[in-house]
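Good morning, and thank you for the opportunity to present. I would ask you to bring the sequence and the structure up on the screen before we begin.

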Amino acid sequence: MTDLSLSNQTMAGKAAPPAEARSLRLPTQWLGVAPFFIFAIMFLILPTLYLMLGAFQNDAGEFTLENIVALAQPSIVAAYWISIKVSLASALIGAFAGLAIAIAIVRGGLPNWIRSATLTFSGVASNFAGVPLAFAFLATLGRLGLATVILNTVFGLNIYAHGFNILSFWGLTLTYVYFQIPLMVVIITPAIDGLKKEWGEAAATLGATTAQYWRMVVIPVIWPSFLGTVILLFANAFGAIATAYALTGSSLNIVPILLYAQIRGDVLHNAHLGYAIAFGMIVITGLANVFYIWFRTRSERWLK
């Protein structure tokens, strides 16, 4: 027995690598995510810190609050207010429309190919923005757009004579809705999938009607996910500039366009005021993302 135990100890000692070898092991498991962290630091964290620092400096590099105080100018306040209204309107319209589509493809009894096709299209359309989207809406709902001409010639309805303008508040909101609805579908569909069939069966067993089941079970469960997604859609629209600038130019004074005018070097050039405007956008979108994470955490408790 003694010889056997000594033999086992000898084999264990040979099998275990020395402490020096273990300490010299390279952290190769981090190599896969290293590009992500490098990209995030170089193009997200460092630029954000640079903007935040520049918002509290003057041209001489001295600390000042003049840039923050300048945000109270009527033109800047109006730009923030228009951006908030456009973002909120497009987020609410996109959220309710996307929720209806998600419920239809998940629990509406439709063929499976409709769900897969809808999700595939939503994944593509949610990233379709910028100049191509602006051109598409101008070609469709511009003064000589396809839909405008058809409505006027076939139905005798001149939407521009009734006050519609693609370069206005509602024109930009409608354009944003194009990518807000599919983004809502992509995000809210897993929450709809998380509704367990057992809940509906239990509610029916207890004598609850379909309306009662939705009002007392479904809505409270998906409500945090819905609110969180609305906030995410708001942040998504609030920071958009390419679509708005390509569609309206400078005719609609929203914050991203005003920021672009401040830092691109034209007659409005004031880099540090632009940094302050960007800082205000960071604060608003940061708060929106904090609330989104909070609502998402609450919703995940039901969806596990």
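Let us start with one residue: is leucine 174 buried, partly exposed or exposed? Leucine 174 counts as partly exposed, at 36% relative accessibility. It should be said at once that this is a predicted model. Leucine 174 belongs to helix 9. In space, its C-alpha lies 7.0 Å from the C-alpha of serine 90, although 84 residues separate leucine 174 and serine 90 in sequence.

Allow me to step back to the overall architecture. The protein has 304 residues, of which 33% are buried. It contains 14 helices and zero strands, so that the pattern along the sequence reads as α-α-α-α-α-α-α-α-α-α-α-α-α-α.

I turn next to the UniProt record. This unreviewed entry places the feature "transmembrane region" at residues 30-53, 88-106, 118-138, 144-161, 173-192, 212-235, 242-261 and 273-295. Two of these spans deserve to be set side by side. Residues 273-295 are 100% helix and 0% strand, with end C-alpha atoms 33 Å apart. Residues 242-261, in turn, are 70% helix and 0% strand, and their end C-alpha atoms lie 13 Å apart.

Now to the aromatic residues. The count of aromatic pairs comes to 15. One of them joins tyrosine 176 and phenylalanine 179: the ring centres are 5.4 Å apart and the planes stand at 45 degrees, so this pair is classed as tilted. Both residues lie in helix 9, residues 169-193, and because they are three residues apart there, about one helical turn separates them. Tyrosine 176 and phenylalanine 179 are both buried.

A second pair consists of tyrosine 245 and tyrosine 260. Here the planes are at 70 degrees and the centres 5.2 Å apart, so the arrangement is edge-to-face. Tyrosine 245 sits in helix 12, residues 242-248, and tyrosine 260 in helix 13, residues 255-263; the pair therefore ties together parts that are 15 residues apart in sequence. Tyrosine 245 is partly exposed, with a relative accessible area of 34%, and tyrosine 260 is likewise partly exposed, at 34%.

Two further aromatic features should be mentioned. Phe56, Phe63 and Phe279 make up one aromatic cluster. In addition, the ring of phenylalanine 169 has the charged end of lysine 85 sitting over it, 5.8 Å from the ring centre.

What, then, of salt bridges? The whole structure yields one. It is formed by the side chains of arginine 115 and aspartate 193, at 2.7 Å from N to O. Arginine 115 lies in helix 6, residues 112-125, while aspartate 193 lies in helix 9, so the bridge ties together parts that are 78 residues apart in sequence. Arginine 115 is partly exposed, with a relative accessible area of 26%; aspartate 193 is also partly exposed, at 37%.

Finally, I come to the surface. Which residues form a nonpolar patch there? They are Trp30, Val33, Phe36, Phe37, Ile41, Leu44, Ile45, Leu46 and Leu49, with about 900 Å² of accessible area together. Leucine 44, one of these residues, is found in helix 3, residues 34-54. With a relative accessible area of 53%, leucine 44 is exposed.

That concludes my presentation, and I welcome your questions.

Key. Residues numbered from 1 in each chain as written. Predicted model: local features only at pLDDT ≥ 70, side-chain atom pairs only at ≥ 80, totals over all residues. Heavy atoms only, no water. Phe/Tyr/Trp six-rings, centres within 6.5 Å; stacked < 30°, edge-to-face > 60°. Helix = DSSP H or I, 4+ residues; strand = E, 2+ residues; numbered from the N terminus. Buried < 20%, exposed > 50% of the residue type's maximum accessible area, 1.4 Å probe, protein only. Lys NZ or Arg CZ within 6 Å of the ring centre and 35° of its normal. UniProt positions renumbered as here; feature names shortened; annotations may be inferred. Patch = residues over 30% accessible without salt bridge, like charges linked within 9 Å, V, L, I, M, F, W, Y side chains within 5 Å. Areas by Shrake-Rupley, 256 points an atom, 1.4 Å probe, with all protein chains shown as cover. Salt bridge = Lys/Arg side-chain N within 4 Å of Asp/Glu carboxyl O.
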